[in-house]
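Notebook open, coffee poured. I want to go through this one from the overall fold down to single contacts, and jot down what I find as I go.

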Amino acid sequence: MWILYATGSAFFAGITSILAKCGISKTDSDVATAIRTIVVLVFSWILVLLTGTISGITVISGKTLLFLVLSGITTGASYVISRLYKLGMSIRWFRLINPVQS
């Protein structure tokens with residue numbers, strides 16, 4: 001049975017990239033990422049509700065919650081810094097190609 005789950009997981013992991021590339025052809029990548037993140041959030045909560053583990057929220061310790069929040073912040077910060085770096089590089093290349101004339 002595990003091979004079925006592994007195959008399904010691999011299939012969806014692979015198709016994710018293909019669908020994302022098709023879906024953002026005329027869409028800003030930040031908007032596309034935000035939309036995909038909302039979908040993942042909804043699926044995560046559906047899974048929590050279907051498995052009946054929502055009561056686990058009340059037993060999360062302060063330390064665990066702190067580290068979960070810090071993990072989320074660092075994930076977000078990593079994404080933002082990556083996007084700023086790419087934007088900065090784009091701006092530099094644009095200025096090299098199209099220098100502003102005074």
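When I write helix or strand here, I mean a DSSP run, of at least four residues for a helix and at least two for a strand, numbered from the N terminus. The model is a predicted one, so I keep in mind that local features need pLDDT of at least 70.

Entry 1, the fold. I read the elements off from the N terminus and got α-α-α. The tally for the protein chain is three helices and zero strands. I then looked up burial: of the 102 residues in the chain, buried ones make up 2%. For that count, buried means under 20% relative accessible area.

Entry 2, helix α2. How far apart are the end C-alpha atoms of α2? I found 33 Å, and the 23 residues at 1.5 Å a residue should span 33 Å, so the two agree. I checked both ends of α2 as well. At its start, a side-chain oxygen of D28 comes to within 3.0 Å of the backbone nitrogen of D30. Just after α2, I noted a positive phi of about 70 degrees at G52.

Entry 3, charges. I searched for salt bridges and the structure holds one. It joins the side chains of R83 and D30, at 2.7 Å from N to O. R83 sits in helix α3 and D30 in helix α2, 53 residues apart, so I logged the pair as a link between distant parts of the chain. Are the two partners buried or exposed? Neither label fits, because R83 has a relative accessible area of 27% and D30 has 32%, and values between 20% and 50% count as partly exposed. D30 is thus in my notes twice, once for the D28 contact and once for the bridge to R83.

Entry 4, the largest pocket. Its volume came out at about 540 Å³. I listed 14 lining residues, and the closest to the centre are T37, L41, S44, L68 and G72. Which elements give two or more residues to this lining? They are α2 (29–51) and α3 (62–97). The biggest share is from α3, with seven residues. Sorted by class, I have eight nonpolar and six polar residues in the lining, and no charged ones.

Entry 5, the second largest pocket. I got about 340 Å³ of space for this one. Twelve residues line it, with T16, L19, A20, R36 and V39 the closest to its centre. Here α1 (2–23) and α2 each supply at least two lining residues, and α2 gives the most, with six. By class, I counted eight nonpolar, three polar and one charged.

Last jotting: α2 turns up in the lining of the largest pocket, in that of the second largest, and in the salt bridge through D30.

Note on methods
Residues are numbered from 1 along each chain as its sequence is written. This is a predicted model: local features need pLDDT of at least 70, side-chain atom pairs count only at pLDDT 80 or more; totals for chains, interfaces and linings use all residues. Side-chain values use heavy atoms; hydrogens and water are left out. On a 1 Å grid over the protein atoms alone, a cavity is a set of points where a 1.4 Å probe fits but cannot get out, and a pocket is an open set with protein on both sides within 12 Å along at least five of seven lines; lining residues have an atom within 4 Å of a point. Grid points are joined across faces, edges and corners, and a volume is the space filled by probe spheres set on the points. Ala, Val, Leu, Ile, Met, Phe, Trp, Tyr, Cys and Pro count as nonpolar, Asp, Glu, Lys and Arg as charged, and the others, Gly among them, as polar. A salt bridge is a side-chain nitrogen of Lys or Arg within 4 Å of a carboxyl oxygen of Asp or Glu. Buried means under 20% relative accessible area, exposed over 50%, partly exposed in between (1.4 Å probe, protein chains only). The expected span of a helix is 1.5 Å times one less than its number of residues. A polar contact is a pair of N or O atoms within 3.5 Å; within protein, one must be able to donate a hydrogen and the other to accept it, and residues adjacent in sequence count only if both atoms are side-chain atoms.
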